[in-house]
Amino acid sequence: VDALAGGRVRVIRQSNKGLSEARNEGVRQATGNWILPLDADDTVDPRFVELSLAAAERDPTLSMVTSLMACFRREPAAPEVAYVPLGGCAEAQPVCNVAGSAVALIRREALLEVGCYDREFAAYEDWDVWCGLVERGRGIAVIPEMLILNRMRDESMLRSLSLPAQHTARAGLVAKHPALLAASPRATRIMLGESIHFQRLWR
């Protein structure tokens, strides 16, 4: 990391305060209009930023642009699972993260408007941000190409999260964004029930 510092690359160090605070410090110190969070197990196609900015230029109402995601275990060229987000959907967003993964090009001012990443969420902090954007009617676009690659690891933060911890985080999302529930409470309850059922089967 030290070897990368200098020129156009700036390395910021701080004591471990969790994932949310690491991202928030980056947002605070950023000087550009756009933020691109990228976790250690994610990578993007070289065209991702170019295509995302082009989408935002075509539609200035967009606050977030992401893409389809291919998930792999061994080789990026041989993905095993695909994640196909819908974009902003108020009916589904509080129960099922349909907006996108943590990897997205996001307007910095939109992130600041929703309060950046909430450190109260040990997981789903990106999902919380997407809920905030959808709640405010902010535009979200999904590029229909597999431009994001995710390496699936059994020891990853999300996969190591216990089932009770997952449901506690989901309850926190619902409590924090009650306006989204008003969009379709019946559909939300059905989806939540199915989500719990399939998570238990998965475990």
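Is Met152 buried or exposed, and what relative accessibility does Met152 have? In this predicted model, Met152 has a relative accessibility of 10%; because the cut-off for a buried residue is under 20%, Met152 counts as buried. Met152 sits in a loop, the one that links strand 6 (139-151) to helix 5 (163-176). Along the chain, Met152 and Phe72 are 80 residues apart, yet their C-alpha atoms are separated by 5.8 Å.

Phe72 leads conveniently to strand 3, which spans residues 62-72. Eleven of the eleven residues of this strand are buried, so strand 3 is largely enclosed by the rest of the structure. A look at its pairing partners helps to fill in the picture.

Strand 6, which covers residues 139-151, pairs with strand 3 in the parallel sense, and ten bridges connect the two. Within this pairing, Met69 of strand 3 is found opposite Ile148 of strand 6. The loop that holds Met152 lies between this strand 6 and helix 5.

Two further partners of strand 3 run antiparallel to it. With strand 4 (residues 81-83), strand 3 shares three bridges in an antiparallel arrangement, and here Cys71 stands opposite Val81. With strand 5 (residues 105-107), strand 3 is joined by two bridges, again antiparallel; in this case Met64 faces Ile106 as its opposite residue.

Taken together, strand 3 pairs in the parallel sense with strand 6 and runs antiparallel to strand 4 and to strand 5, while the buried Met152 has its C-alpha atom 5.8 Å from that of Phe72.

Terms used: Residues numbered from 1 in each chain as written. Predicted model: local features only at pLDDT ≥ 70, side-chain atom pairs only at ≥ 80, totals over all residues. Heavy atoms only, no water. Helix = DSSP H or I, 4+ residues; strand = E, 2+ residues; numbered from the N terminus. Buried < 20%, exposed > 50% of the residue type's maximum accessible area, 1.4 Å probe, protein only. Pairing = 2+ DSSP bridges.
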